[in-house]
Amino acid sequence: MPSGDASLTQAFEKLPVPVKLLTAGTAACVADFLSFPLDTAKVRLQIQGEVRVPLRTVTASAGHGLVLGVPSNTSLHYRGILGTIATISREEGFRSLYNGLNAGLQRQMCFASVRLGMYEPVKGFYQNLLKLDKSQRGGVLDVSARIMAGLTTGGMAVCLAQPTDVVKVRFQAQVKSALKSPSSTVYAGTWQAYRTIFFTEGLAGLWRGCLPNIGRNAIVNVSEIVCYDLVKESIIHRGLMSDNIPCHFTSAIVAGFCATLCASPVDVIKTRYMNSTVGKYRGALDCAIQTFKLEGSSAFYKGFLPSFTRLVSWNIFMWISYEQMKRFVVQNYHK
């Protein structure tokens with residue numbers, strides 16, 4: 001078994017591409033499953049205030065099965081991440097926190113496998129293109145190569161996995177009314193959701209919000225993967241920690257904070273636009289303008305705490321899982 005961070009990475013990069021993609025996708029699925037309730041809470045908080053339905057209309061009409069946003073009374077329906085999770089569990093059942101999990105896992109297997117599994121090869125490509133040697137690692141050109149790799153793999157992943165993200169957001173955003181009528185759920189299952197969106201909104205509906213999602217995930221990819229890469233490398237190089245779980249944990253926290261800070265405004269617009277009905281917004285830019293006009297600049301950081309909690313948790317679960325899986329695969333692949 002190779003020892004050290006560099007030798008582990010080199011050994012892993014020599015493995016076939018499908019193995020690397022499967023390892024990255026599996027680690028991301030583990031992280032997504034463990035942090036999914038936080039993501040559902042984040043989505044509900046982000047769309048809160050976007051659509052207001054009179055409470056008396058909901059309680060009086062048996063046909064109302066889906067309520068997006070918050071009732072038009074004076075109080076907010078969801079308050080804070082723990083309060084949102086508690087409200088959803090109380091009103092809709094604990095399982096509602098995992099609405100869209102199937103699509104979420106499908107998304108991670110398509111999305112994370114590309115953005116994470118292809119990061120090292122693409123980074124190496126840009127480093128070779130810029131003719132960088134080991135003495136230049138950590139310099140401006142090296143950081144630029146890593147940023148370009150993050151932008152490239154993030155954009156590639158979104159183009160491939162966008163339909164799964166649309167379905168996941170739709171599932172997480174739908175709220176069952178207290179009446180529990182038979183029609184209380186718009187999408188009964190993942191594949192039915194794909195079909196419904198395709199037949200009612202066309203192929204464009206499955207790629208709704210693709211451009212803001214590319215922007216959002218390019219930012220997340222750079223601030224998450226590149227930040228983790230640089231922080232981990234710096235910690236090991238300075239001898240503060242060895243290549244172990246405490247090092248991965250520390251690097252993941254920093255990466256999660258940077259990703260949340262940079263990506264929250266784009267994430268709010270992405271969530272609202274993908275969850276919107278046809279014709280509500282002319283595009284992602286129009287969605288951003290209307291959000292600013294109606295709710296002010298603070299709306300772009302709506303759900304920041306759950307976003308931060310979710311992204312940090314997701315990063316911790318994902319990076320620790322990924323690093324351990326890399327070791328396992330390197331140790332056992334040729335046995």
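# Buried residues and enclosed cavities in a predicted helical chain

Apart from its neighbours within four places in sequence, Thr291 is in contact with Ile269, Arg272, Gly296, Ala299 and Phe300. The model in which these contacts occur is predicted, and the confidence assigned to its parts is taken up further below. Thr291 belongs to helix H12, which covers residues 284-295, and a polar atom of the Thr291 side chain lies 2.7 Å from the backbone oxygen of Cys287. Thr291 counts as buried because its relative accessibility is 2%, and the cut-off for that class is under 20%.

## The chain as a whole

The chain has 335 residues, 51% of which count as buried, and its secondary structure consists of 13 helices and two strands. Among contacts in the chain with a separation of 6 or more, residues 24 or more positions apart account for 76%.

The average pLDDT of the chain is 79, and 84% of the residues score at least 70. Among the elements, helix H6 (residues 119-129) has the highest mean pLDDT, at 89, whereas helix H3 (residues 55-60) has the lowest, at 33. Residues 51-74 have a pLDDT below 50, although this stretch still has 50 contacts in the model beyond near neighbours in sequence. A further stretch, residues 177-185, stays under 50 in pLDDT, and for these residues the model has 16 contacts beyond four places in sequence.

## Four buried positions

The table gathers Thr291 and three other residues, each with its place in the chain and its relative accessibility.

| Residue | Place in the chain | Relative accessibility |
|---|---|---|
| Thr291 | helix H12 (residues 284-295) | 2% |
| Asn221 | helix H10 | 0% |
| Leu116 | loop between H5 and H6 | 6% |
| Asp165 | helix H7 | 1% |

Asn221, in helix H10, is buried, since its relative accessible area is 0%. What does the side chain of Asn221 reach at 2.7 Å? The atom in question is the backbone oxygen of Gly150, and the C-alpha atoms of Asn221 and Gly150 are 5.3 Å apart in space although the two are 71 residues apart in sequence. Gly150 also appears among the residues in contact with Asn221 once neighbours within four places are left aside, together with Arg115, Thr153, Gly154 and Val226.

Leu116 sits in the loop between H5 and H6, and it is nevertheless buried, because its relative accessibility is 6%. Beyond four places in sequence, Leu116 is in contact with Ala24, Ile225, Met318, Trp319 and Tyr322. Gly154, which was named as a contact of Asn221, lies 38 residues from Leu116 along the chain, with 8.5 Å between the C-alpha atoms of Leu116 and Gly154.

Asp165 lies in helix H7 and counts as buried because its relative accessibility is 1%. Its contacts, with neighbours within four places left aside, are Arg107, Asn213, Lys270 and Met274.

## Enclosed space

Rolling a probe the size of a water molecule over the atoms shows where empty space is left. For the whole structure, such a search finds three cavities of 30 Å³ or more, and the largest cavity holds about 140 Å³ of space. Of the 16 residues that line the largest cavity, Arg107, Gln108, Arg216, Asn217 and Arg310 lie nearest its centre. Two or more lining residues each are given by helix H2 (17-47), helix H5 (101-115), helix H7 (140-173), helix H10 (210-237) and helix H13 (304-332). In terms of class, the lining of the largest cavity has 10 charged residues, four nonpolar and two polar. Arg107, one of the residues nearest the centre of the largest cavity, is also one of the contacts of the buried Asp165.

The second largest cavity holds about 50 Å³ of space. Its lining is formed by Lys42, Arg216, Thr260, Ala263, Ser264, Asp267, Ser307, Arg310 and Leu311, and the elements that give two or more of these residues are helix H11 (245-275) and H13. Which element gives the largest share of the lining of the second largest cavity? That share, four residues, comes from H11. By class, the lining of the second largest cavity has four charged, three polar and two nonpolar residues. Arg216 and Arg310 line the second largest cavity, and both are also among the residues nearest the centre of the largest cavity.

How values were computed. Residues numbered from 1 in each chain as written. Predicted model: local features only at pLDDT ≥ 70, side-chain atom pairs only at ≥ 80, totals over all residues. Heavy atoms only, no water. Buried < 20%, exposed > 50% of the residue type's maximum accessible area, 1.4 Å probe, protein only. Polar contact = N/O pair within 3.5 Å; in protein donor to acceptor, adjacent residues only side chain to side chain. Contact = heavy atoms within 4.5 Å. 1 Å grid on protein atoms, 1.4 Å probe; cavity = no way out; pocket = protein on both sides within 12 Å on 5 of 7 lines; lining within 4 Å. Points joined across faces, edges and corners; volume = space filled by probe spheres on them. Nonpolar A, V, L, I, M, F, W, Y, C, P; charged D, E, K, R; others polar. pLDDT = per-residue confidence, 0-100.
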